[in-house]
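Here is a friendly note to read with the structure open beside you. Take the points one at a time and find each residue as you go.

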Amino acid sequence: MLEIKNLTKKYGEHTVLDHVSLRLEKGVYGILGANGAGKSTFLNLITDNVKRTTGDILYNGTEILTLGAKFRRKVGYTPQLQGMYEDFTAGQFMRYIGSLKAMKNRECRKQTQELLALVGLDSVAHKKLGSFSGGMRQRVLLAAAMLDQPEILILDEPTAGLDPEERIRLRNHIAEISENRIVLLATHVVDDIECIAEKVILIKKGVILRFSSPADLMNEINGKVGEFYGTFEEVNALKKEYGKGQTIRRGNKFVFRAAEEHLPDSFHCVDNITLEDVYLYYAEGRT
């Protein structure tokens, strides 16, 4: 169990994370928010890469600062940026990460083989990372994060920059390895969270707006999602006036979709609500 109590991070007078309190048990938690919302800061505080301003982080009842290296060995982390040695093979990179985790050589080699097979890269373990696609690199980073069987897996924008096929493949791997551990998945790709997260942590300007299941969140805004149908010129003018929402083309028709507390009379309410609508409502809407 991971307990976060009144966690705050400030840089001078600027508050990046504001008194965040959460209780996390085994499962997949999607962290959703715009760029600059505080997602990466939140993850870096949990991994102790960044010094907190105030607050507590407890793992199974003990402060992680007290646990120190014992806690860090329980954490697997995939960073947002792909910092990798281009001349390393996938196998060499895995063994390098294993050495940083102080794993025994024999166990590290065994897990390297198993984990690269798990993410579908065992056949290219001998190839250099410089020749890998973005999706292949992300799968190597995911496998490396799983070394030493971490109890907490932290993934920061793991599907950023991937094509749709690679994103779905990586998302499936995340779902497969999520059993019996806490998985924190930070992303702005709403589909990734809707498919695999049991609960969503919705952050805006360093504050937790919502912490609930995707289904419950979508239920909350029932009757608050609508569409306007018109010509391209009409929809485009409405978008400029409204400032948010999304334009959708359906055949020869154009639609402007928005999520608001009070929709204009010209909008038709819809019931096919998605997590993207939830994001528009809470993170960008006038709530």
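1. Let's begin with the charged pairs. A search of the whole structure turns up 16 salt bridges. Please keep in mind that this is a predicted model, and have a look at a few of these pairs with me.

2. Start with Arg52 and Glu63, whose side chains meet in a salt bridge at 2.9 Å, N to O. Arg52 sits in the loop between helix 1 and strand 4 (54–59), while Glu63 belongs to strand 5 (residues 62–63), so the pair ties together parts that are 11 residues apart in sequence. Are these two residues buried or exposed? Arg52 has 13% relative accessibility and therefore counts as buried. Glu63 is buried as well, with a relative accessible area of 15%.

3. Next, find Arg137 and Glu86, which form a salt bridge of 2.9 Å, N to O, through their side chains. This pair links distant parts of the chain: Arg137 is in helix 6 (residues 134–145), Glu86 is in the loop between strand 6 (75–78) and helix 4 (90–100), and 51 residues separate them. Arg137 is buried because its relative accessible area is 11%, under the 20% limit. Glu86, with a relative accessible area of 38%, is partly exposed.

4. The third pair is Asp192 and Arg171, joined by a side-chain salt bridge of 3.1 Å, N to O. Here Asp192 in helix 8 (residues 190–196) is linked to Arg171 in helix 7 (residues 164–176), 21 residues apart. Asp192 is buried, with a relative accessible area of 2%, and Arg171 counts as buried at 11% relative accessibility. Which residues make up the network of salt bridges here? The linked residues are Arg167, Arg171, Asp191 and Asp192.

5. Now go back to helix 1, residues 39–46. Why is helix 1 described as largely enclosed by the rest of the structure? The reason is that 7 of its 8 residues are buried. You can pick them out one by one: Lys39, Thr41, Phe42, Leu43, Asn44, Leu45 and Ile46. Just after helix 1, look for Asp48, which takes a positive phi of about 65 degrees.

6. On to the nonpolar residues. The largest nonpolar core contains 53 residues, and those with the most contacts inside it are Phe93, Val140, Leu142 and Leu153. Apart from this core lies another, of 27 residues, including Ile31, Leu43, Tyr59 and Ala186. Leu43 is also one of the buried residues of helix 1.

7. Phe93 deserves a closer look. Leaving aside residues up to four places away in sequence, Phe93 touches Met84, Phe88, Leu129, Val140, Leu141 and Ala144. Val140 is, like Phe93, among the residues with the most contacts inside the largest core.

8. Last comes a sheet. Four strands, in the order 12-13-11-14, form an open sheet with antiparallel pairing. Its edge strands are strand 12 (246–250) and strand 14 (268–269), and each pairs on one side only. Helix 10 (residues 232–242) packs on this sheet, touching strand 11, strand 12 and strand 13 (253–259). The direction of helix 10 makes about 20 degrees with that of strand 13.

9. For a final exercise, follow strand 11 (residues 225–230), which pairs with strand 14 in the antiparallel sense over 2 bridges. Which residue in strand 14 stands opposite Glu227? That residue is His268. As background, strands of a sheet pair through backbone hydrogen bonds, either parallel or antiparallel.

Terms used
Residues are numbered from 1 along each chain as its sequence is written. This is a predicted model: local features need pLDDT of at least 70, side-chain atom pairs count only at pLDDT 80 or more; totals for chains, interfaces and linings use all residues. Side-chain values use heavy atoms; hydrogens and water are left out. A nonpolar core is a set of buried Ala, Val, Leu, Ile, Met, Phe, Trp, Tyr and Cys residues joined through side-chain atoms within 4.5 Å. Buried means under 20% relative accessible area, exposed over 50%, partly exposed in between (1.4 Å probe, protein chains only). Contact means heavy atoms within 4.5 Å. Two strands pair if DSSP finds at least two bridges between them. Axes are lines fitted to C-alpha atoms, for helices over the stretch in contact, and angles run from 0 to 180 degrees between N-to-C directions. A salt bridge is a side-chain nitrogen of Lys or Arg within 4 Å of a carboxyl oxygen of Asp or Glu.
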